[in-house]
Amino acid sequence: MKPYYQQDTQTVFQELHSSPKGLTPAQVVQNQETYGLNELVQEKPASPLMIFFGQFKDLLVIVLIIAAIISAFSGELISTLVILVVITLNAILGTVQEVQAQKSLESLKSLSSPHVKVIRDGRLTEIESSQLTVGDIVYVEAGDVIEGDGRLFEAASLQVNESALTGEPVPVEKTTAPIDKEVQINDQTDMVFSSGLVTNGTGKYICTAVGMDTQIGRIAGMISEAQDRKTPLQKSLEDFSKKLTIYIGLLCVLLLILHVLVNHEPFLQALMVAVALAVAAIPEALNSIVTIVLSIATQKMVKNHAIMKKLDAVESLGCISVICSDKTGTLTQNKMTVMEVFTDMTPYTVELMDARTSYPQQILLKAAKLNTNAVVNADGSSIGDPTEIALIDMFNQYQKAHPDFVIKAERVEEVPFDSERKLMSVSSRHHIYTKGAPDELLKRCTSVLMGKEKRPITEADRDLILTQNEQYAAQGLRVLGFAYKDLPEEADHRIGLTDEQDLCFVGLVAEQDPPREESAAAVHTARKAGIKPVMITGDHVVTAQAIAKKIGIYQDGDLAIEGNDLAHMSDGELADKLDKISVYARVAPEHKIRIVKAWQEKGDIVAMTGDGVNDAPALKAADIGIAMGITGTEVSKDAAKMILTDDNFATIVKAIESGRNVYNNIKNAIIYLLSGNLSAIITVVVTSLAFLPDPFTAVQLLFINLVTDSLPAIAIGMEPDHPDVINQKPRRSKESILNRDAITQIGVEGLLIFLAVMASYLIGLKTSASMATTMAFSTLTLSRLLHGFSQRGSKPIWELPFNKYSVYAFITGALLLAAILNIPTMQPIFDVTPMSILQAGLVVLFSLASFTAVQLFKVLSSRSH
């Protein structure tokens with residue numbers, strides 16, 4: 001069966017058992033039972049309580065809960081309390097983030113207007129939009145929002161803005177004639193779609209789809225089907241958590257067996273040793289630190305006009321290898337502008353126009369001013385067709401440069417635009433001014449205005465004008481032709497279609513939504529960063545290709561294809577051509593998702609920009625969905641992970657630079673945490689194998705992991721951005737954050753800190769077991785505070801820029817350590833014993849020794865690279 005846009009209206013009426021008089025009450029009830037109400041189905045979201053409990057599914061969290069239970073049975077209530085507080089705070093943080101997450105379907109639902117005018121049983125009546133059903137006859141006029149999808153059977157100068165669905169701001173001229181070929185929704189001019197806004201004229205349509213069966217409904221379905229993709233960092237940390245849990249489990253079991261079977265210790269006492277090892281090994285503050293670092297990064301990005309809705313998505317920016325960008329408003333200014341005029345058979349820019357010496361230009365400006373229904377207010381706001389707004393802007397720009405230029409003529413009557421004749425005319429008291437498609441206009445011209453004289457138009461003139469029109473079109477410009485003629489002297493003359501004959505050709509006006517000034521530079525930077533920019537637009541392929549070529553997205557050897565071509569491509573064919581296709585034009589929402597997924601299947605991390613309802617599924621399917629903050633619909637903003645407050649492509653490139661810096665900072669913070677934890681693990685394992693007293697208590701390890709670790713790690717996360725990261729290639733999404741270099745660094749630095757701690761422990765053991773614990777704890781804490789300076793980058797400390805936050809972190813941690821060691825009420829809580837000046841001096845000496853050794857290691861590493 002043919003789609004509705006290919007059928008004549010009589011066939012549609014018959015198929016839907018309706019007529020121009022509408023449905024009967026019985027048919028309405030029957031159809032509502034068959035097709036359902038005109039509402040969008042929404043999935044029931046998980047309750048906050050379910051989200052909260054879901055936060056405890058993490059493996060490391062489960063290990064910590066087990067450790068807390070064992071601590072409770074062993075009488076270590078402080079350890080139990082601290083562990084539970086930490087994991088609960090992390091769960092609350094995660095719950096708050098998820099509760100504030102996606103509400104895409106709610107926003108889609110809110111697009112529906114509350115009422116719609118329908119003809120039922122031959123009478124015009126107003127009903128709630130939810131009661132609309134298939135077969136209903138809907139009447140619309142300027143200002144109405146289209147409800148349901150429908151096939152037009154009456155259209156009088158009807159124009160519908162479908163930008164929320166197609167992404168293109170120019171209203172579509174609607175007709176009733178069927179279309180005899182397969183086209184996308186952008187070109188289905190005999191159809192109207194839910195969410196469209198009627199900007200001009202009136203019309204009637206028979207409703208062909210409601211609710212989830214409409215184009216908007218299909219998009220709603222695609223949004224719910226599109227799954228949020230985990231970021232590369234999330235995947236890497238999950239993999240790390242699994243491996244760490246296995247290793248910790250094996251080590252704990254081994255230690256437990258050794259202490260019970262070999263050293264014959266009581267089971268509960270041996271179990272506490274295993275718990276201490278688990279606490280030492282698990283970086284409890286890791287999730288919190290990553291969240292804090294990402295939060296700080298998002299605050300920085302807000303200042304650069306990028307709002308990150310999902311914290312985890314920040315580091316994904318550093319992996320982006322493909323940016324699929326909408327054209328309108330992102331790469332362009334989202335404002336039609338007159339680029340050039342053609343009068344006296346000569347092209348001019350607006351800046352070079354001079355109506356004082358050129359009579360055709362004077363007539364052209366007068367026609368542009370009068371022959372438009374758009375309004376541009378003094379405050380810069382505008383209402384109407386963007387192409388007509390551009391004409392008024394051209395007139396105002398010229399008048400601002402030439403204040404003495406005044407038009408006294410006033411508009412009297414109008415012959416509205418008609419999509420069949422493709423013309424619009426207005427009259428003043430003495431003239432008629434006509435604008436429209438140049439080829440149609442020329443058919444009605446018998447003369448041409450050259451200088452101040454009208455002369456008969458020749459075939460050579462027509463060829464020259466049409467050639468100029470084709471040149472403009474090849475550049476992606478939208479072209480309007482202008483003509484005029486004198487009116488008869490009778491004051492009561494009414495203009496009509498018959499007056500659009502024997503016209504005098506005046507000139508052409510070429511318009512374009514021009515590229516943003518910074519777009520070309522941003523595209524160049526993206527390419528330098530190893531990122532492939534791709535344009536996806538609802539506009540015509542010629543226009544899209546011209547803009548893409550101008551800003552550097554389309555280069556020699558690239559391909560530009562339309563949605564229909566894409567629809568007929570197999571997945572294999574698309575994969576083969578994917579690298580070469582730089583421009584996709586006249587695309588539908590499902591095409592955008594397919595393009596995104598095709599790149600993802602190649603292993604690329606994809607960013608997708610958009611502002612309309614039609615973009616929402618692809619925004620959600622992309623690794624980073626980027627919505628426009630100014631022109632974007634609420635649906636697109638809800639589906640995205642990032643929102644641009646300036647709707648600017650250049651901001652995306654800045655955000656990618658921030659993302660790469662964030663990743664480096666997080667990676668350095670993780671290496672800092674793990675190298676410090678490794679030193680504690682080795683100390684616990686070595687002393688256990690040697691059957692020596694425990695070097696740390698669980699409370700001491702929690703203090704180190706939660707306080708002394710977290711402050712330097714946060715400071716590392718606040719390391720200033722390094723601009724040179726944008727010149728590097730994107731890292732591979734499957735690359736583990738713990739690659740060979742990182743593991744080597746963790747191992748060597750952890751071992752160096754362990755040697756300092758072990759030396760301090762053995763000296764303290766000569767006094768007592770409690771002194772050994774105190775000195776080991778103090779050395780480990782101070783060593784890790786100093787290590788916070790080292791781990792800000794891969795270079796030695798003297799080659800790194802100053803970071804005041806690292807200084808603050810060190811001072812705060814050192815003061816807390818001093819308080820624990822010297823305040824009598826704190827000492828029993830943290831199981832420490834007062835040290836002599838000599839013992840304290842040795843703690844400082846061993847800590848500085850480990851710091852110096854780490855600097856030497858970094859010097860050797862940087863030279864080897």
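**Exercise 1. A nonpolar surface patch**

Find which residues make the nonpolar surface patch of about 440 Å² in this predicted model, and place Phe691 within the fold.

*Solution.*
- Step 1. Collect the members. The patch is made by Val253, Ile257, Leu261, Val262 and Phe691.
- Step 2. Locate Phe691. This residue sits in the loop that runs between helix H25 (649–689) and helix H26 (698–708).
- Step 3. Classify Phe691. Its relative accessibility is 32%, so Phe691 counts as partly exposed. The reason is the cut-offs: buried means under 20%, exposed means over 50%, and partly exposed lies in between.
- Step 4. Check Phe691 against the patch rule. Patch residues need over 30% relative accessible area, and Phe691 has 32%.

**Exercise 2. The largest cavity**

State how many cavities of 30 Å³ or more the model holds, then describe the lining of the largest cavity.

*Solution.*
- Step 1. Count. There are three cavities of 30 Å³ or more.
- Step 2. Take the volume. The largest cavity holds about 80 Å³ of space.
- Step 3. List the lining. It consists of Val293, Ile296, Ala297, Lys300, Met301, Ser658, Val662, Asn665, Gly717 and Asp721.
- Step 4. Assign the lining to helices. Helix H11 (286–303) and H25 each give at least two residues. H11 gives the largest share, with five residues.

H25 thus appears twice in these exercises: it contributes to this lining, and the loop with Phe691 lies between H25 and H26.

**Exercise 3. The hairpin of S1 and S2**

Determine in which sense strands S1 and S2 pair, and what phi Asp121 takes in their hairpin.

*Solution.*
- Step 1. Set the limits. S1 covers residues 115–120, and S2 covers residues 123–128.
- Step 2. Read the pairing. The two strands are antiparallel, with six bridges.
- Step 3. Match a pair across the strands. Val118 faces Thr125 of S2.
- Step 4. Inspect the turn. Two residues separate the strands, and Asp121 has a positive phi near 55°.

**Exercise 4. Two more aspartates with positive phi**

Give phi for Asp344 and for Asp502, and name the loop that holds each.

*Solution.*
- Step 1. Start with Asp344. Its phi is near 55°, a positive value in a residue other than glycine.
- Step 2. Place Asp344. The loop runs between strand S10 (337–343) and strand S11 (346–348).
- Step 3. Turn to Asp502. Phi here is near 50°, again positive in a residue other than glycine.
- Step 4. Place Asp502. Its loop connects strand S19 (478–486) and strand S20 (503–512).
- Step 5. Classify Asp502. Its relative accessibility is 52%, so Asp502 counts as exposed. The cut-off for exposed is over 50%.

Technical notes. Residues numbered from 1 in each chain as written. Predicted model: local features only at pLDDT ≥ 70, side-chain atom pairs only at ≥ 80, totals over all residues. Heavy atoms only, no water. Pairing = 2+ DSSP bridges. Helix = DSSP H or I, 4+ residues; strand = E, 2+ residues; numbered from the N terminus. Patch = residues over 30% accessible without salt bridge, like charges linked within 9 Å, V, L, I, M, F, W, Y side chains within 5 Å. Areas by Shrake-Rupley, 256 points an atom, 1.4 Å probe, with all protein chains shown as cover. Salt bridge = Lys/Arg side-chain N within 4 Å of Asp/Glu carboxyl O. Buried < 20%, exposed > 50% of the residue type's maximum accessible area, 1.4 Å probe, protein only. 1 Å grid on protein atoms, 1.4 Å probe; cavity = no way out; pocket = protein on both sides within 12 Å on 5 of 7 lines; lining within 4 Å. Points joined across faces, edges and corners; volume = space filled by probe spheres on them.
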